[in-house]
Amino acid sequence: MQRGFAHGLRGFCACALATLGTLATFWQAVPGVADDGFTGPAVAKYTRDGSLPDDQDSFLVRYDITPYTSCYPNVAVPSRPLIQWILFDTGPDFWFQDGGRFLTATNDSLIVRHGAKVQQYVSNVVDRFVTAPTCGQMVSVRILLFAEPASWREGTADLLRPWPVQSEATQGWLLSKEETPAFLSHVMSQGDFRELNASRNTVPCGETYGWVYAAPCQSFIRDYQVNAAGDDYARFTHEVDSGYRFELTPLLSTQGDQMEFLIRCDSTVVAASHSFNLKVATSNMPRQQLKATTPQIVQCQRQDKVSFPVDQICVLDLGMVPLALSDEVKAGGPARGLGRIVALGGKSVWYNVLVIVEAIARPGK
């Protein structure tokens, strides 16, 4: 177990950048580059733009990202995954430290003004994205739900090797491809097992794919106000959009031996509602009392970036996430996934969310 973990840790550190989402750790992770040691991307085209004057720390570079963005002509902002990838590594505040440094993008170019170290890091990321459409790799993603963590953890400890993750809310393991059938057989035999994304479970490298489940919008009357004449009143309502969104962006390392993915999930549910009577006296009904409701809203967000060897499988436990499921889905009815995710009329519960990611070859590659 210890040898396996040490070997996995070395593989994890072999990535081009150990992406940690704080300013201090980002600077430590950037490879040592002298202030004047910018060499640019190895694959992507770029120009060192002189439209803004260089200073002692910063210069402007325009990176050609059309080999990547042109693959998504129907996407409104095809550069979004690339920007999100960089912002996760640096943190958004990193770009507000100095008014002369910035990060922006069009459909054709990524435009960055910063120092040599950051420009070299951006160069590496751009190279990975522009080669993603032709890298021949994609990932298979399975999102599984369990009512209790113990239901799948018991009986699988010998198959899983601990693997480092960045978020304190998540836990990671590696699983060998030879042992995967035994692992899946065990977890899918549990009575509380449900699969969210049975209809689509593959994502090409460089592409962001989201699994979205939206419940009907719920409206709650929060308050009343009697008009100046005293003969009528107005209702003040609060609308709540409940549901679940899961996004994943995979990207192959420069060396091709590591698969890295950025994962995010957001959940909003109405856990309960608390009703009470308010006196709403009008000239016609001086003793009138009307019901008002205060919803108890639970929101949860998970975000992490994980890298793992392409010859292994990554198992990620996102912890207990609040989901509002219909009784049919909870009982394991005809819909195996969460297509019937609802809040109104359903019950809000916490489910253990397990994500299984495997690097696979693209068809025809």
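## The second largest pocket

By class, the residues that line the second largest pocket comprise seven nonpolar, two polar and two charged ones. The model discussed here is a predicted one, and in it this pocket holds about 160 Å³ of space. Its lining is made up of Tyr 68, Tyr 72, Val 75, Ala 76, Val 77, Pro 78, Arg 80, Pro 81, Gly 206, Glu 207 and Thr 208.

## Aromatic pairs

Across the whole structure, a search finds 16 aromatic pairs. One of them is formed by Tyr 68 and Phe 129, whose rings meet edge-to-face, with 5.2 Å from centre to centre and 80 degrees between the planes. This pair links distant parts of the chain, since Tyr 68 belongs to helix H3 (residues 66-69) and Phe 129 to helix H5 (residues 116-131), and the two are 61 residues apart. Tyr 68 counts as buried because its relative accessibility is 1%, and Phe 129 is likewise buried, with a relative accessible area of 0%. Tyr 68 is also among the residues that line the second largest pocket.

Tyr 224 and Tyr 233 form another edge-to-face pair, in which the ring centres are 5.8 Å apart and the planes stand at 75 degrees. Here Tyr 224 counts as buried at 12% relative accessibility, whereas Tyr 233, with a relative accessible area of 23%, is partly exposed.

## An aromatic cluster and charges over rings

Phe 146, Trp 152, Trp 173, Phe 183 and Phe 193 together form one aromatic cluster. A charged residue accompanies one member of this cluster, for Arg 153 lies over the face of Trp 152, at 5.5 Å from the ring centre.

A further arrangement of this kind involves Arg 48, whose charged end sits over the ring of Phe 59, 3.8 Å from the centre of that ring.

## The faces of helix H7

Helix H7 spans residues 180-188, and its buried residues are Thr 180, Phe 183, Leu 184 and Val 187. Seen down the axis of H7, these buried residues fall within an arc of 95 degrees, and they therefore line one face of the helix. An α-helix has 3.6 residues a turn, so residues three or four places apart point the same way.

On the other side of H7, Pro 181 and Ser 185 are exposed. Phe 183, one of the buried residues of H7, is also a member of the aromatic cluster that includes Trp 152 and Trp 173.

Notes: Residues numbered from 1 in each chain as written. Predicted model: local features only at pLDDT ≥ 70, side-chain atom pairs only at ≥ 80, totals over all residues. Heavy atoms only, no water. Phe/Tyr/Trp six-rings, centres within 6.5 Å; stacked < 30°, edge-to-face > 60°. Helix = DSSP H or I, 4+ residues; strand = E, 2+ residues; numbered from the N terminus. Buried < 20%, exposed > 50% of the residue type's maximum accessible area, 1.4 Å probe, protein only. Lys NZ or Arg CZ within 6 Å of the ring centre and 35° of its normal. 1 Å grid on protein atoms, 1.4 Å probe; cavity = no way out; pocket = protein on both sides within 12 Å on 5 of 7 lines; lining within 4 Å. Points joined across faces, edges and corners; volume = space filled by probe spheres on them. Nonpolar A, V, L, I, M, F, W, Y, C, P; charged D, E, K, R; others polar. Arc of directions from axis to C-beta.
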